Amino acid sequence: MEKPRVFVSSVIDGFESYREAAREGIKAAGGESVLVNEDFPSMPNSSRNACLDAVASSDIYLAIIGERGGWQAPSGKLVVEEEFEEAQNRDMPVLLFLVDGDREEEAERLAGRLSDYVEGYFRVEVQSPNELQEETERALERLIDNPSDEQPDMQRLRDATSEPYDLGGRPSLRTVLVPEREEEVVDPMTLESDKFRHRVYRIAHALSVKLLHYTEPKSDSLTQDTLVITQRSSSRQGRGKENARIEIGERGRIIVDASVTEANQRGVGAGMVIDASKIKSAARRAFAFAEAFFDEIDQHGRYQQFLHSAVLANPGNRKIVDEVDPQQQTFSMPYGTQNDHIVAFDTPRSISRNTLRDPKDEVDRILTRIRRQRDSDTQRGF
């Protein structure tokens, strides 16, 4: 279960002890602190945009106001004030802590303005960093639900793996990935925009992903809440047949269907086996696409945990082998093993964003589970 993200807004210089106290209070309450100056690496966008983006990536806004109001933004407002307005525009819960003592004019104005708006939220004066830590923990306990034993809603994943897309009857791997945060990730206006569609095309064509190829024709369509991109083969043997498909939903669900056979694969055994390396390659490319996609739309790491599963569609009675030998003439392939698809996991797996960056173990796990399921089906005579 994802921890609620709490953005800490305050002046920086001379306020380090209070900011660290807030961090400790957030951690004790079961939240994840967001402190841009301390935790975020240098970014190509401006410091102002980085801070506002970090607010947007959070669930709760926590402001600490002391003696000084801090820097003034180009808008003429204080930086903390702009951050507060971003939180207010997003209807985020607001926590306000006032450090007891004298305040400069701008700090007093800011404290007065925020106090007017946080009526109904938590507002308290503190004397020290230790007191701030205690009050932060106490305030957040009112907002953060205690972890429950309930599993996240997995129905969308089960639906996606129970009926994988048919890429022209050819064996393909479907990889499904859903953020554990059940909320809108891509708003409807963005989803239907040309800019977003071009971004998805660019990511899918990138050398680090290679999910789509520039030489292959493509088409795209938009359903009620999903962008769908389909690529067709341009080779002589497979001309016009679909070999890759991408779905991206408003709630961040990514579905990738990728062929695990080559249209120009030759030899007697080519149509009787599936190369294991093709399954691994399809899974790697799906993870690489998901990593690149979330790195672009979620630079501040709001989405850290994902549910995922994979299914091998249309395997028929093909055998999964480590290497395809086009000269091989005979294969041990018992009849009665034909099935429509093989689901890798009975229950969708929870993986972190780090797994997207280094998916080797997860890719190996997918192949192992699919192979084991195939062997089990063979032994049962399915």
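Select Ile203 to start: this residue of helix H9 is buried, with a relative accessible area of 3%. Keep in mind as you go that you are looking at a predicted model. Now add Ala288 to the selection and draw a line between the two C-alpha atoms. Ile203 and Ala288 lie 85 residues apart along the chain, yet their C-alpha atoms are separated by 9.3 Å.

**Along H9 to a salt bridge**

Stay on helix H9 and pick Arg202, then Glu296. Their side chains meet in a salt bridge, with 2.8 Å from N to O. The pair links distant parts of the chain: Arg202 belongs to helix H9 and Glu296 to helix H10, and their positions lie 94 residues apart in the numbering. Are these two buried or exposed? Neither word fits: Arg202 counts as partly exposed because its relative accessibility is 44%, and Glu296 is also partly exposed, with a relative accessible area of 24%.

**The largest nonpolar core**

Next, select Ile279, Phe289, Phe293 and Ile370. The largest nonpolar core has 48 residues, and these four touch the most other members. To see which elements build this core, colour the ones that give two or more residues to it:

- helices H9 (194-205), H10 (276-297) and H12 (360-380)
- strands E6 (172-179), E8 (226-232), E9 (242-249), E10 (254-259) and E12 (305-316)

Which element gives the most to this core? It is H10, with eleven residues.

While strand E8 is coloured, click on Leu227, which is found in that strand. Leu227 counts as buried because its relative accessibility is 4%. From there, draw a line to Phe196: the two C-alpha atoms are 9.7 Å apart, with 31 residues separating them along the chain.

**Two residues with positive phi**

Strand E12 holds another stop, Asn314. Check its backbone angles: Asn314 is not a glycine, but it has a positive phi of about 55°. Then jump to Lys210, in the loop between H9 and strand E7 (218-222). Lys210 also has a positive phi of about 55° without being a glycine. Its side of the story at the surface is in between, since Lys210 counts as partly exposed at 44% relative accessibility.

**More salt bridges**

The model has 31 salt bridges by count, so there is plenty to look through. Select Arg353 and Asp298, where the closest N and O atoms of the salt bridge are 2.6 Å apart. This pair, too, links distant parts of the chain: Arg353 is in helix H11 (residues 353-357), Asp298 is in the loop between H10 and E12, and they are 55 residues apart. Both Arg353 and Asp298 are buried.

Now try Glu247 with Arg253, whose side chains meet in a salt bridge at 3.8 Å, N to O. Glu247 counts as buried because its relative accessibility is 11%, under the 20% cut-off.

For something with several partners, select Lys77, Glu81, Glu85, Glu106, Arg109 and Arg113 together. These residues are linked in a network of salt bridges.

**A negative patch on the surface**

Switch to a surface view and select Glu67, Asp100, Asp102, Glu104 and Glu125, which form a negative surface patch. Click on Asp102 to find the loop between strand E4 (94-99) and helix H5 (105-117). Asp102 counts as exposed because its relative accessibility is 72%, over the 50% cut-off.

**Two last contacts across the chain**Go to Val6, found in strand E1 (residues 5-9). Val6 counts as buried because its relative accessibility is 0%. Add Ser57 and compare the C-alpha atoms: they are separated by 9.3 Å, while Val6 and Ser57 are 51 residues apart along the chain.

Finish at Gln155, in helix H7 (residues 155-162). Gln155 counts as partly exposed because its relative accessibility is 41%. Select Pro348 as the partner and draw the last line. The C-alpha atoms of Gln155 and Pro348 are separated by 9.7 Å, with the two positions 193 residues apart along the chain.

Conventions: Residues are numbered from 1 along each chain as its sequence is written. This is a predicted model: local features need pLDDT of at least 70, side-chain atom pairs count only at pLDDT 80 or more; totals for chains, interfaces and linings use all residues. Side-chain values use heavy atoms; hydrogens and water are left out. Patches are made of residues with over 30% relative accessible area and no salt bridge: like charges are joined within 9 Å, nonpolar side chains (Val, Leu, Ile, Met, Phe, Trp, Tyr) within 5 Å. Accessible areas come from the Shrake-Rupley method with a 1.4 Å probe; for residues, only the protein chains shown count as cover. A salt bridge is a side-chain nitrogen of Lys or Arg within 4 Å of a carboxyl oxygen of Asp or Glu. Lys and Arg count as positive and Asp and Glu as negative; His and the chain ends are not counted. The place of a charge is taken as NZ of Lys, CZ of Arg, CG of Asp or CD of Glu. Helices (H or I, at least four residues) and strands (E, at least two) are DSSP runs, numbered from the N terminus. Buried means under 20% relative accessible area, exposed over 50%, partly exposed in between (1.4 Å probe, protein chains only). A nonpolar core is a set of buried Ala, Val, Leu, Ile, Met, Phe, Trp, Tyr and Cys residues joined through side-chain atoms within 4.5 Å.
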